[in-house]
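Welcome to a short set of exercises on reading a protein model. Have the sequence and the 3D view at hand, try each task yourself, and then follow the solution step by step.

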Amino acid sequence: MTVFRTITLVLAVLQVLFAAFTGMVGAFADGGSMWERLLLIVVHPLCAVALLVLTLLPKPSPAFAYVVAALLVGNIFADLTLSQLIAAGTVKGDWWLPLMFSAIPAVGLAYALTLGKQGRNASS
């Protein structure tokens, strides 16, 4: 689990930096709907910080791991939905770009669910 935690920690730091940069750019960019801006400015940074906190805690509670997992599922779902809307031509943009935002949260989701399951089994 130590290797998985280390890899997830590095990815979480990268995700925080990526989300912060794109959030700042998204806040000042022209175009885009309110929902696209909300995704860039609120959802991505919130989930990135939650994942980073989860990886930095030495022994997070299973409840916290599941809360982070729920946030990450929401993030991934929103990115997949946006990617599908772009691919269908409903929204302008590159369909693959939202998928980049869901790659690290997908790894983080696996990490959070593993922590939640381990914690639940340890307390049983």
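A polar contact is a pair of N or O atoms within 3.5 Å; within protein, one must be able to donate a hydrogen and the other to accept it, and residues adjacent in sequence count only if both atoms are side-chain atoms. Keep this definition ready for Exercise 2.

Before you start, note that this is a predicted model, where local features need pLDDT of at least 70 and side-chain atom pairs count only at pLDDT 80 or more, while totals for chains, interfaces and linings use all residues. Residues are numbered from 1 along each chain as its sequence is written, and side-chain values use heavy atoms, with hydrogens and water left out.

**Exercise 1. Describe the chain as a whole: how many helices and strands does it have?**

Step 1. Helices (H or I, at least four residues) and strands (E, at least two) are DSSP runs, numbered from the N terminus. Counted this way, the chain has 4 helices and 0 strands.

Step 2. Going along the sequence, you meet the pattern α-α-α-α. The chain is as compact as a globular protein of its length, because its radius of gyration of 15 Å is close to the 14 Å that the globule rule gives for 124 residues. Here the radius is taken over C-alpha atoms, and the rule is 2.2 Å times the number of residues to the power 0.38.

Step 3. Along the principal axes, the C-alpha atoms fill a box of roughly 50 × 25 × 20 Å.

Step 4. Now turn to burial (buried means under 20% relative accessible area, exposed over 50%, partly exposed in between, with a 1.4 Å probe and protein chains only). Buried residues account for 32% of the 124 residues.

Step 5. A contact means heavy atoms within 4.5 Å. Take the contacts between residues at least 6 apart in sequence: 69% of them join residues at least 24 apart.

**Exercise 2. Find the surroundings of Thr22: which backbone oxygen lies 2.9 Å from a polar atom of its side chain?**

Step 1. Locate Thr22 in helix α1, which covers residues 2–28.

Step 2. Check its burial: the relative accessible area is 13%, so Thr22 is buried.

Step 3. Look for oxygen atoms around the side chain. The backbone oxygen of Phe18 is 2.9 Å from a polar atom of the Thr22 side chain, and the backbone oxygen of Ala19 is 3.4 Å from a polar atom of that side chain.

Step 4. Set aside neighbours within four places in sequence, and Thr22 is in contact with Leu40 and Phe101.

Step 5. Follow Phe18, which is also found in helix α1. Its relative accessible area is 27%, so Phe18 is partly exposed. Residues up to four places away aside, Phe18 touches Met100 and Phe101.

**Exercise 3. Study two serines: is Ser83 buried or exposed?**

Step 1. Ser83 sits in helix α3, residues 62–88. Its relative accessibility is 5%, so Ser83 counts as buried.

Step 2. The backbone oxygen of Trp95 lies 2.6 Å from a polar atom of the Ser83 side chain. Ser83 is in contact with Trp95, Pro98 and Leu99, leaving aside neighbours within four places in sequence.

Step 3. Move on to Ser102 in helix α4, residues 97–123. With 8% relative accessibility, Ser102 counts as buried. Not counting residues up to four places away in sequence, Ser102 touches Ile76 and Asp79.

**Exercise 4. Trace the partners of two more residues: what does Leu52 touch, not counting residues up to four places away in sequence?**

Step 1. Find Leu52 in helix α2, residues 34–56. At 19% relative accessibility, Leu52 counts as buried.

Step 2. Outside that sequence window, Leu52 touches Leu9, Ala12, Val13 and Val16.

Step 3. Phe4 has its place in helix α1. Its relative accessibility is 26%, so Phe4 counts as partly exposed.

Step 4. With residues up to four places away again left out, Phe4 touches Val107, Ala110, Tyr111 and Thr114.

Step 5. Finish with a distance: Phe4 and Ala88 are 84 residues apart along the chain, and their C-alpha atoms are separated by 36 Å.
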